[in-house]
Amino acid sequence: MDFNRARASTAAAFRDSIVPRLSEYIRIPNKSPLFDADWQAHGHMDRAAELMAAWCREQPIAGIQVEILREKGRTPLLFCEVPGDGGDTVLLYGHMDKQPEFTGWAEGLSPWEPVIREGRLYGRGGADDGYAVFSSLTAIRLLQEQKIPHARCVVMIEACEESGSYDLPHYVDRLAGRIGTPSLVVCLDAECGNYEQLWCTTSLRGNLVGDLVVEGLTEGVHSGAGTGIAPSVFRIARTLLSRVESDVTGDILVDELLVPIPAARIEQARAAAGVLGEQIAGKLPFVPGARPLSDSPVELVLNNTWRPTLAVTGAAGLPAMPDAGNVLLPRLAFKLSFRLPPSADAEAAAAEGVRWVKLMGF
């Protein structure tokens, strides 16, 4: 391959075609169904799918077929087929649904308005995972431009990955005959360590999400009249959480969530840490004085890829600070996000979580 020619062609494609379409995509608030119960009525997911499909059909790729699959009650799926040389098939995967907008955007940035700053495009969904279909077809286009033989390629872009990909197995089964038996699956949905090397994700943790709800009273009462008589729902929630996560180290205490780390993955973590060093923790926006959980880059890589963790990602029942008076809370709820090691048994972990809740004794 003529890499100079490929680099120039890629730069032109992103400048003239991909970034403008990605910017349009960022403006579409197509939150994943888990975060938008009325996603079908709103129509944002269909808009995103049509935008991507239109771009795909414009590409000068020989023999490309582009289709949006829709079924009642299911999210749409963008499906592309590109004929190739020989009988081999490569499957390229991505997703178009987005995380909710969240808060805390830097000044001048926002979720639904694309902004280019210092050569980078900001906005919800551009990197997770809007770029996938554009990158996949651009790579195929580069091969064809230079008349380099390539395998038959199948591109699948789903629309509920952020909700657990519950529709993906259905579409895979439905399209099994058209997909064939890929010898390689390329999943364009992970970060890279830096921009100087090509990175491949070998270990990716799963996600077990649940709600912890503690109820103590039917309504709030003045703390002067209620404390010392009624238990604090916050204290109960704190106690429950401390039984699954050490409140000192953050270590997970549920055996079903712990797995031995394969020796090969440890060696890979050492290699990655040797290249990235302080960049592993340095990529996060720590406030002054805050520190990572370990000073060892190797341990940070393993923590982030093979060790279970818990994050409390949302809360309900707590009034805003200006509105908080002296009322004993009647109810408190937390959204919990457990990250599971790649080889953990998710069903056993979930069952243990249910058993754990039942045995709390509150």
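Aspartate 36, leaving aside neighbours within four places in sequence, is in contact with Lys31 and His42 in this predicted model. The residue is placed in the loop that links α1 (3-26) to α2 (39-42). Although aspartate 36 is buried, no salt bridge is formed by it, and the nearest side chain of opposite charge, that of lysine 31, is 6.0 Å away. Lysine 31 is therefore a contact of aspartate 36 but lies outside the 4 Å cut-off within which a side-chain nitrogen and a carboxyl oxygen would be counted as a salt bridge.

The protein chain as a whole contains twelve helices and twelve strands, and its C-alpha atoms fill a box of roughly 80 × 50 × 45 Å along the principal axes. Of its 362 residues, 37% are buried. Among contacts between residues at least 6 apart in sequence, 74% join residues at least 24 apart.

An open sheet is formed by five strands in the order β1-β2-β6-β3-β7, with mixed pairing. The edges are occupied by β1 (65-69) and β7 (184-187), each of which has a single partner strand, so that one side of each is left without a neighbour in the sheet. On average, and with direction ignored, neighbouring strands of this sheet are turned by 15 degrees against each other. Within the sheet, β3 and β6 run parallel and are joined by seven bridges; histidine 95 has glutamate 158, in β6, as its bridge partner.

Two helices, α3 and α4, are described here in relation to these strands. Helix α3 lies across β1, β2 and β6, and runs at about 170 degrees to β1. Helix α4 packs on the sheet through contacts with β2, β3 and β6, its direction making about 150 degrees with that of β3. Glutamate 50, a residue of α3, has a relative accessible area of 37% and is therefore classed as partly exposed. Its contacts, not counting residues up to four places away in sequence, are with Ile68 and Arg70. The C-alpha atoms of glutamate 50 and phenylalanine 79 are 12 Å apart in space, while the two residues are 29 residues apart in sequence.

Helix α4 (residues 126-145) contains a kink of about 40 degrees, centred on alanine 132. Alanine 132 is itself buried, and the buried residues of this helix also include Asp129, Tyr131, Phe134, Leu137 and Ile140. The elements covering the buried residues of α4 include α1, α3 (44-58), β2 (77-82), β3 (89-95) and β6 (152-158). Aspartate 129, which lies in α4, is joined to aspartate 128 by a cis peptide bond with omega near 15 degrees. After α4 comes lysine 147, for which phi is positive, near 55 degrees.

Most residues other than glycine have a negative phi, and most peptide bonds are trans. Positive phi values are nevertheless found at two further non-glycine positions, phenylalanine 102, at about 60 degrees, and serine 165, at about 55 degrees. Phenylalanine 102 is located in the loop between β3 and β4 (115-117), and its relative accessibility of 63% is the reason why this residue counts as exposed. Serine 165, by contrast, is located in the loop between β6 and α5 (168-174) and counts as buried because its relative accessibility is 17%.

Note on methods
Residues are numbered from 1 along each chain as its sequence is written. This is a predicted model: local features need pLDDT of at least 70, side-chain atom pairs count only at pLDDT 80 or more; totals for chains, interfaces and linings use all residues. Side-chain values use heavy atoms; hydrogens and water are left out. Helices (H or I, at least four residues) and strands (E, at least two) are DSSP runs, numbered from the N terminus. Buried means under 20% relative accessible area, exposed over 50%, partly exposed in between (1.4 Å probe, protein chains only). Lys and Arg count as positive and Asp and Glu as negative; His and the chain ends are not counted. Contact means heavy atoms within 4.5 Å. The bend at a residue is the angle between axes fitted to the seven residues ending there and the seven starting there. Two strands pair if DSSP finds at least two bridges between them. Axes are lines fitted to C-alpha atoms, for helices over the stretch in contact, and angles run from 0 to 180 degrees between N-to-C directions.
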